[in-house]
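User: I'd like a close look at one part of this model, please. Start with a single hairpin and its surroundings, and then set it in the context of the whole chain.

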Amino acid sequence: MIESMRIEPEPALEERSPTPFIVSATEPNWSRERPRAFWDPGRKLLKTIRDYQRLKFETGLLTAARRRLIVLRHRFWSIVTASDIPLSCTGLGGGLKLPHPLGIVIHPKTILGPNCLIMHHTTLMGSKTTGITAGGHIDFGAGSKILANVKIGKHVSIGANAVVTKTVDDYAIVAGVPAKKIGENTQAKAAAEEKVRTDNT
């Protein structure tokens with residue numbers, strides 16, 4: 001009886017191989033955008049943009065009426081969040097998160113990869129012809145400013161109130177005014193390298 005109840009010891013730490021969860025920079029996780037309740041301003045604002053773009057090339061009286069309703073919804077949630085994210089923003093990758101959607105400004109020609117996160121009072125600037133170009137899984141800290149035509153790699157973290165004036169490499173952590181590299185997202189980089197090794201075996 002005692003023998004059958006014996007508890008096997010846990011494996012030593014070096015024998016365990018936990019795989020840290022890394023947000024994808026290529027595959028959008030659309031569940032991040034799904035509204036959780038009626039009062040979910042960030043996700044509701046994003047939903048109006050996605051809905052409008054879905055109907056952009058459809059025609060008919062019903063479609064026109066639906067489009068007008070979406071425009072009204074967009075205006076409502078834009079006022080609630082005091083944000084300026086135009087309906088013409090077609091370059092926003094899926095899985096975008098706006099945890100505290102207050103005072104966010106995104107240029108209509110901005111290109112964002114999937115699964116980015118934008119905190120409050122962030123501004124993604126642009127010119128008449130281009131906006132910023134950013135990879136997937138980028139965390140924009142509160143109050144950060146990205147100047148027009150800047151290119152940002154994947155798995156990047158931008159510190160609060162940082163002003164990014166030049167290209168940011170993959171996996172970089174940047175902060176300051178102007179923003180400078182202060183570290184590296186080592187977990188994401190290691191996971192990407194491991195995936196490459198696995199795919200090549």
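The answer below begins with the hairpin of S11 and S12 and then moves outward.

Analyst: Happy to. This is a predicted model, in which local features need pLDDT of at least 70 and side-chain atom pairs count only at pLDDT 80 or more, while totals for chains, interfaces and linings use all residues. Residues are numbered from 1 along each chain as its sequence is written, and side-chain values use heavy atoms, with hydrogens and water left out.

Let's begin with the strands themselves. Strand S11 covers residues 172-175 and pairs with S12 in the antiparallel sense, over four bridges. Helices (H or I, at least four residues) and strands (E, at least two) are DSSP runs numbered from the N terminus, and two strands count as paired if DSSP finds at least two bridges between them. As background, strands of a sheet pair through backbone hydrogen bonds, either parallel or antiparallel.

Two opposite positions help to set the register. Ile173 faces Gly183 of S12, and Ala175 is across from Lys180, also in S12. Four residues lie between the strands of this hairpin, and Gly176 there has a positive phi near 100 degrees. The loop between S11 and S12 also holds Pro178, which is joined to Val177 by a cis peptide bond with omega of about -10 degrees. A glycine with positive phi and a cis peptide bond are therefore the backbone details to look at here, and S12 lies largely in the open because zero of its five residues are buried. Buried means under 20% relative accessible area, exposed means over 50%, and partly exposed is in between (1.4 Å probe, protein chains only).

How does the hairpin fit into its sheet? The sheet is open and has five strands in the order S3-S6-S9-S11-S12, with mixed pairing. Its edges are S3 (117-118) and S12 (180-184), each of which pairs on one side only.

Strand S9, the neighbour of S11 in that order, brings us to a backbone detail just ahead of it. His155 sits in the loop between S8 and S9 (156-158). His155 is not a glycine, yet has a positive phi of about 55 degrees. With 7% relative accessibility, His155 is buried. Asn149 makes a good comparison: this non-glycine residue has a positive phi of about 70 degrees and belongs to the loop between S7 (145-146) and S8 (151-152). Asn149 is partly exposed, with a relative accessible area of 44%.

Earlier in the chain, Gly93 is in the loop between helix H2 (61-81) and strand S1 (105-106). Gly93 is buried, at 15% relative accessible area. Setting aside neighbours within four places in sequence, its contacts (heavy atoms within 4.5 Å) are Glu33, Arg50, Leu112, Gly113 and Pro114. The C-alpha atoms of Gly93 and Ile111 are 7.6 Å apart, with 18 residues separating the two along the chain.

The aromatic residues are worth a visit too. There are four aromatic pairs in the structure, where rings of Phe, Tyr and Trp (its six-membered ring) pair if their centres lie within 6.5 Å; planes under 30 degrees apart are stacked, over 60 edge-to-face and the rest tilted. Trp39 and Trp77 make a tilted pair, 5.3 Å centre to centre with 55 degrees between the planes. This pair links distant parts of the chain, 38 residues apart: Trp39 comes from the segment before H1, and Trp77 from helix H2. Trp39 is exposed at 52% relative accessibility, whereas Trp77 is buried at 4%. Ring pairs join Phe38, Trp39, Phe76 and Trp77 into a cluster.

Finally, the whole chain: it has three helices and 12 strands, and 40% of its 201 residues are buried. Among contacts with a separation of 6 or more, 24% involve residues 24 or more positions apart. About 12,100 Å² is exposed, 60% of it supplied by carbon and sulfur atoms; these areas come from the Shrake-Rupley method with a 1.4 Å probe, and for residues only the protein chains shown count as cover.
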